[in-house]
Amino acid sequence: MTDLSSKKIVVVGIGYVGLSNAVLLAQHNDVTAVDLSSERVDMVKARKSPIVDPELEEFLSTRALNLDATTDLLAALPSADIVLIATPTDYDPNTNYFDVSSVEKVAFVASQHAPDATIVIKSTISVGCVEKLRNLTGNPNIIFSPEFLREGRALYDNLNPSRIIVGDTSERAKKFSQLLVQGAEKTDIPLLFTGPSEAEAIKLFANTYLAMRVAFFNELDSYSIAHGLDSRQIIDGVGLDPRIGSHYNNPSFGYGGYCLPKDTKQLLANYSSVPQNLITAIVDANRTRKDFLAEQILSRSPKVVGIHRLVMKAGSDNFRQSSIQGIMKRIKAKGIGVIVYEPALDEATFFGSRVVTDLSAFKDEADVIVANRLSDELHDVQAKVFTRDLFGAD
């Protein structure tokens, strides 16, 4: 019988991945969340979410959770049963690989101070990272379990997972998967146990497939613009084929956010000695799309272009690698004035562009308003708006 007694779990990293897993597991386990940011730690201790996510906000404020937070990793580690690593792994363009230094550091410290713990990496890593870490630390208890979460709905996706994948076939892996199942609201969750490198590849290939789908409908949309066709009608017709489907088909300024850009580039780097064409095309298509749309905006001869929201999607406060920034940079490179309206930004400027906090003043000043995703607050200035949001969905 599966052992579902309460475990002592340390979650390192209070971001989307770390906090959503910490809250999920704290329903039935003793969880300590660790982060370098004292501000984030204090918010979690006060039962407030440091990130925009409705389910996280609700669970933290209303649910009985056995959840603590600290900046002191060493104090949290003794007697830990599980150490879950959810630290950032940004893509390094100089090395063409993820920067996994934070993951490595935590894995080394945890191996030393909690040698019997199962160390679960939730951060996205390159193929072969777990095998390398096991060899470097001498710790065979390091496993990888990819996350498939949306920003702004991270806890919802953990409560209702499409699948749970663990890159290990040991009893430790199976026990960890059952803790995730225990915390979920969904039942009959598909479980898959694989080798560590296979699990790492699953994450990269899944996100690259999504990027490919975004790129496909964006190129369909570019074709429609260039030939004066109704893009929505074409997408509706294409989507009626059940093998294609009417999902994940809304044009945009390109795939962006924290995961898709870096994961596609990392997968491409992993192909360095393997013949391929498609992965390169997916990466290149994103750049081409932004070039094309920037030219469409510039063809309106604006003196001032307004960027309406930097965030990637509705319900998010994160604008890391958002596709609209690529459009913004191309317009600025042509000497056109750019202003930004972003309520989530508490700064006077963003990459040299003035931030306008008053929406009415922003609308008046901008000749063209660029919006990756439409909102009702732009309804009164539709004639100024440039968007490719055809379906009102992310």
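In the predicted model, helices α12 and α13 are oblique to each other, because their axes cross at roughly 55° and an angle that is neither roughly parallel, roughly antiparallel nor roughly perpendicular counts as oblique. Helix α12 spans residues 278-298 and helix α13 residues 323-333, and their axes come within 9 Å. The crossing of α12 past α13 is right-handed. On the α12 side, the residues that meet α13 are Arg287, Lys290, Asp291, Leu293, Ala294, Ile297 and Leu298. Their counterparts in α13 are Ser323, Gly326, Ile327, Arg330 and Ile331.

Six strands form an open sheet with mixed pairing, in the order β13-β14-β12-β11-β15-β16. The edges are occupied by β13 (349-350) and β16 (385-386); each has a single partner strand, so one side of each is left without a neighbour in the sheet. Strands of a sheet pair through backbone hydrogen bonds, either parallel or antiparallel. Strand β15 (residues 368-370) and β16 run parallel and are joined by two bridges. Within this pair, Val370 has Phe386 of β16 as its bridge partner.

A further site of interest is Thr87, which lies in the loop between β4 (82-85) and β5 (91-92). Thr87 counts as buried because its relative accessibility is 11%, and buried means under 20%. The side chain of Thr87 makes a polar contact with the side chain of Ser102, at 2.8 Å. When neighbours within four places in sequence are left aside, the residues in contact with Thr87 are Val12, Ser102, Val103, Val106 and Ser123.

Notes. Residues are numbered from 1 along each chain as its sequence is written. This is a predicted model: local features need pLDDT of at least 70, side-chain atom pairs count only at pLDDT 80 or more; totals for chains, interfaces and linings use all residues. Side-chain values use heavy atoms; hydrogens and water are left out. Helices (H or I, at least four residues) and strands (E, at least two) are DSSP runs, numbered from the N terminus. Buried means under 20% relative accessible area, exposed over 50%, partly exposed in between (1.4 Å probe, protein chains only). A polar contact is a pair of N or O atoms within 3.5 Å; within protein, one must be able to donate a hydrogen and the other to accept it, and residues adjacent in sequence count only if both atoms are side-chain atoms. Contact means heavy atoms within 4.5 Å. Two strands pair if DSSP finds at least two bridges between them. Axes are lines fitted to C-alpha atoms, for helices over the stretch in contact, and angles run from 0 to 180 degrees between N-to-C directions. Angles under 35 degrees count as roughly parallel, over 145 as roughly antiparallel, 65 to 115 as roughly perpendicular and the rest as oblique. A crossing is left-handed if the near helix is turned anticlockwise from the far one by less than a right angle, and right-handed if clockwise.
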